Amino acid sequence: MDQVLEQVISAIEPMDLAKTAECYQRLASLTIRQDSKLSYLAGRIAGVQGTLHPEKLQKAVVVFAADHAVDGGENKTKGKNSKADALEIATGRGPINKVAHRIGAGVMLLDMGLEEDIPESQGVQNLKVMHGSHFWARQDAMSEDEMMDALFSGLQIGQNLADEGYTAIGIGSLGERSILTAFILTAAFYRSQMPDLAGSLKEKNQ
């Protein structure tokens with residue numbers, strides 16, 4: 001693993017589990033009706049900030065735009081649909097813009113690898129690593145250097161937002177075959193639960 005990446009990972013502090021447990025106990029003692037999802041989120045926030053009286057969340061949504069497998073046979077749009085979707089967000093007219101506005105969050109769009117370029121503007125940055133990843137059945141989707149460039153760009157964006165006072169970040173993606181990214185991230189975050197998830201899906205389909 002890259003030495004700088006190891007340093008970044010080692011600098012990530014664990015949650016304050018004592019504060020999380022204290023938060024759950026406090027919520028359980030209240031007589032009002034509890035929402036399990038909100039209670040879980042409250043405990044996570046208390047653990048991250050290390051207090052039962054966390055600051056008001058400063059929110060932002062970061063959308064990573066990139067096309068995938070652009071030299072494969074399934075790339076019918078040649079990046080045109082992705083560019084249109086990105087421009088809709090860039091001009092504040094996308095569905096995510098409306099959702100973000102309702103929760104008081106800003107929206108940042110990052111061109112990490114769109115097949116077609118989009119102009120930079122307020123809230124739009126060009127951090128393009130490549131003009132779409134390769135079709136993995138023919139060659140590696142990305143080189144190791146390209147992967148590290150993309151990874152460190154994301155780390156730098158996260159650090160910049162933290163330095164600006166943002167405390168809650170929503171992450172999204174768009175692009176040709178971007179659902180593959182969602183599958184990969186889901187598998188990475190929930191890999192220990194994948195056998196249970198697969199079993200549940202099998203039972204549901206029977």
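What share of the contacts in the protein with a separation of 6 or more is accounted for by residues 24 or more positions apart? In this predicted model, such residues account for 65% of those contacts.

**Overall layout**

The protein has eight helices and four strands, and, read from the N terminus, these elements follow the order α-α-α-β-α-α-β-β-α-β-α-α. Along the principal axes, the C-alpha trace spans about 60 × 50 × 40 Å. Of the 206 residues in the protein, 24% are buried, while the accessible surface comes to about 14200 Å², with carbon and sulfur atoms contributing 55% of that area. As for charge, the protein carries 20 positive and 27 negative charges, and the mean positions of these two sets are 11 Å apart.

**Salt bridges**

The structure holds five salt bridges, and three of them are set out below with the separation of their closest N and O atoms.

| Lysine | Acidic partner | Closest N and O atoms |
|---|---|---|
| K80 | E116 | 3.7 Å |
| K128 | D111 | 2.8 Å |
| K128 | D117 | 3.3 Å |

The bridge between K80 and E116 links distant parts of the chain, since K80 belongs to helix α4 (residues 80-90) and E116 to the loop between β2 (106-113) and β3, 36 residues apart. K80 is exposed, with a relative accessible area of 51%, whereas E116, at 24% relative accessibility, counts as partly exposed. This pair does not stand alone, for K80, K83 and E116 are linked in a network of salt bridges.

K128 takes part in a bridge with D111, whose closest N and O atoms are 2.8 Å apart. Because K128 lies in the loop between β3 and α6 and D111 in strand β2, the pair ties together parts that are 17 residues apart in sequence. D111 is buried, with a relative accessible area of 0%. K128 also forms a salt bridge with D117; here D117 lies in the loop between β2 and β3 and K128 in the loop between β3 and α6, so this pair ties together parts that are eleven residues apart in sequence. D117 is partly exposed, with a relative accessible area of 43%.

**A nonpolar surface patch**

Which residues form a nonpolar patch on the surface? The patch is made up of V4, V8, M142, M147, L151 and L155, which together have about 410 Å² of accessible area. Helices α1 (3-10) and α6 (144-163) each supply at least two of these residues, and the largest share, three residues, comes from α6.

Two members of the patch can be described further. V4 is found in helix α1 and is partly exposed, with a relative accessible area of 43%. M142, by contrast, is found in the loop between β3 (124-126) and α6, and at 30% relative accessibility M142 likewise counts as partly exposed. Leaving aside its neighbours within four places in sequence, M142 is in contact with V129, M130, S133, M147 and A150, and one of these, M147, is itself a member of the patch. The C-alpha atoms of M142 and L127 are separated by 15 Å, the two residues being 15 residues apart along the chain.

The loop between β3 and α6 thus comes up in both parts of this account, because K128, which forms salt bridges with D111 and D117, lies in that loop, as does M142 of the nonpolar patch.

Notes
Residues numbered from 1 in each chain as written. Predicted model: local features only at pLDDT ≥ 70, side-chain atom pairs only at ≥ 80, totals over all residues. Heavy atoms only, no water. Patch = residues over 30% accessible without salt bridge, like charges linked within 9 Å, V, L, I, M, F, W, Y side chains within 5 Å. Areas by Shrake-Rupley, 256 points an atom, 1.4 Å probe, with all protein chains shown as cover. Salt bridge = Lys/Arg side-chain N within 4 Å of Asp/Glu carboxyl O. Helix = DSSP H or I, 4+ residues; strand = E, 2+ residues; numbered from the N terminus. Buried < 20%, exposed > 50% of the residue type's maximum accessible area, 1.4 Å probe, protein only. Contact = heavy atoms within 4.5 Å. Lys, Arg positive; Asp, Glu negative; His and termini not counted. Charge placed at Lys NZ, Arg CZ, Asp CG, Glu CD.
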